[in-house]
Amino acid sequence: EVKPKHSVMDMCAAPGSKTSQLLEMLHAASGEATPRGVVVANDASLQRANLLTHQCKRSHSPALIVTNHQAQLWPILYDEKKGKKLRFDRILADVPCSGDGTLRKSPDLWKKWNASSGVDLHSLQLEIATHALRLLEVRGRLVYSTCSLNPLENESVVAALLKRAKGSVELVDVSKSLPELKRRPGMKKWKVGDRVEGNYEGMGGFYLARISKVNKAA
């Protein structure tokens with residue numbers, strides 16, 4: 001639901017396919033050559049940010065800004081004209097992840113993947129999502145996504161985010177907006193392996209994490 005006047009941020013944007021889609025949505029919504037809104041595309045890697053710039057140049061959009069910064073530390077800017085902090089109406093946080101949901105199309109990942117990947121990335125993912133809320137306008141919308149099937153990188157991050165927000169954020173049911181998207185309800189409990197001398201135990205010593213009750217179910 002990107003609107004012509006929206007300020008949109010893609011926090012982990014490279015290589016740029018999602019940013020290009022956001023730009024297309026902004027232009028389509030405005031119906032004008034130059035929309036009033038803007039898309040800020042950020043990536044922590046300078047090399048990937050250069051690739052992002054190259055990919056998005058094809059759109060010839062004047063509504064694009066590319067930044068090179070750690071997503072969890074992206075600065076909160078001040079709008080002197082409006083006399084307030086700059087907030088975003090829409091934020092996409094497609095965070096770094098273990099990528100285990102792409103193993104079929106990316107067989108090279110088998111060489112790199114291990115059971116600790118999801119646990120190791122959980123803190124970073126939560127930091128990025130938490131900072132996204134700091135940058136979000138009131139009644140704005142944050143989309144959090146990964147390429148992982150691991151609940152530690154998905155439901156666990158969302159649960160922790162909602163707990164931190166203390167009722168100021170709610171899950172939104174988008175099933176009616178995207179009726180053809182195949183989906184299933186989010187998990188409410190999952191297993192977490194113990195770390196023993198740098199390794200993970202096979203089936204021993206598991207903990208259960210539960211999603212607390214929230215305003216809306218996604």
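Residue S156 is placed in helix α5, where helices (H or I, at least four residues) and strands (E, at least two) are DSSP runs numbered from the N terminus. With a relative accessibility of 14%, S156 counts as buried; buried means under 20% relative accessible area, exposed over 50%, and partly exposed in between (1.4 Å probe, protein chains only). Leaving aside neighbours within four places in sequence, S156 is in contact with H122, P151 and W190, contact meaning heavy atoms within 4.5 Å.

The model is predicted: local features need pLDDT of at least 70, side-chain atom pairs count only at pLDDT 80 or more, and totals for chains, interfaces and linings use all residues. Residues are numbered from 1 along each chain as its sequence is written, and side-chain values use heavy atoms, with hydrogens and water left out.

**The chain as a whole**

The chain contains five helices and 11 strands. Of its 218 residues, 35% count as buried. Among the contacts with a separation of 6 or more, 72% join residues that are 24 or more positions apart. The chain exposes about 14000 Å², of which carbon and sulfur atoms supply 54%; accessible areas come from the Shrake-Rupley method with a 1.4 Å probe, and for residues only the protein chains shown count as cover.

**Helix α1 and its surroundings**

Helix α1 comprises the 14 residues 17–30, which should span 20 Å at 1.5 Å a residue; the C-alpha atoms at its ends are 20 Å apart, so the two values agree. The expected span of a helix is 1.5 Å times one less than its number of residues.

Which residues of α1 are buried? They are T19, S20, L22, L23, L26 and S30. These residues cover an arc of only 160° around the axis, which puts them on the same side of α1; the arc is that of the directions from the helix axis to the C-beta atoms. An α-helix has 3.6 residues a turn, so residues three or four places apart point the same way. The face of α1 turned away from the buried side carries the exposed residues E24 and A28. The cover over the buried residues of α1 includes β1 (7–10), β2, α2 (46–56), β3 and β6.

One residue of strand β2 (residues 38–42) is V38. Not counting residues up to four places away in sequence, V38 touches H6, S7, V8, L26, A63 and I65. The C-alpha atoms of V38 and H27 are 9.8 Å apart in space, and the two residues are 11 residues apart in sequence.

**Backbone features**

Most residues other than glycine have a negative phi, and most peptide bonds are trans. The peptide bond from A14 to P15 is cis, with omega near 10°, and P15 is found in the loop between β1 and α1. After α1 comes G31, whose phi is positive, near 70°. Two residues other than glycine with a positive phi are set out below.

| Residue | Phi | Place | Relative accessible area |
|---|---|---|---|
| H60 | near 55° | loop between α2 and β3 | 70%, exposed |
| K166 | near 55° | loop between α5 (155–165) and β8 (189–192) | 76%, exposed |

**An aromatic pair**

How many aromatic pairs does a search of the whole structure find? The search finds one. The pair is formed by W74 and F88 and is edge-to-face, at 5.8 Å centre to centre and with 70° between the planes. Rings of Phe, Tyr and Trp (its six-membered ring) pair if their centres lie within 6.5 Å; planes under 30 degrees apart count as stacked, over 60 as edge-to-face and the rest as tilted. W74 lies in the loop between β3 (64–67) and β4 (78–79), and F88 in strand β6 (residues 88–94), so the pair ties together parts that are 14 residues apart in sequence. Both W74 and F88 are buried.

**Residue Q125**

Helix α4 (residues 117–135) holds Q125. Is Q125 buried or exposed? Q125 counts as buried, because its relative accessibility is 0%. The side chain of Q125 reaches the backbone oxygen of P96 at 2.9 Å. Not counting residues up to four places away in sequence, Q125 touches V95, P96, C97, Y144, L152, E153 and V157.

Conventions. A polar contact is a pair of N or O atoms within 3.5 Å; within protein, one must be able to donate a hydrogen and the other to accept it, and residues adjacent in sequence count only if both atoms are side-chain atoms.
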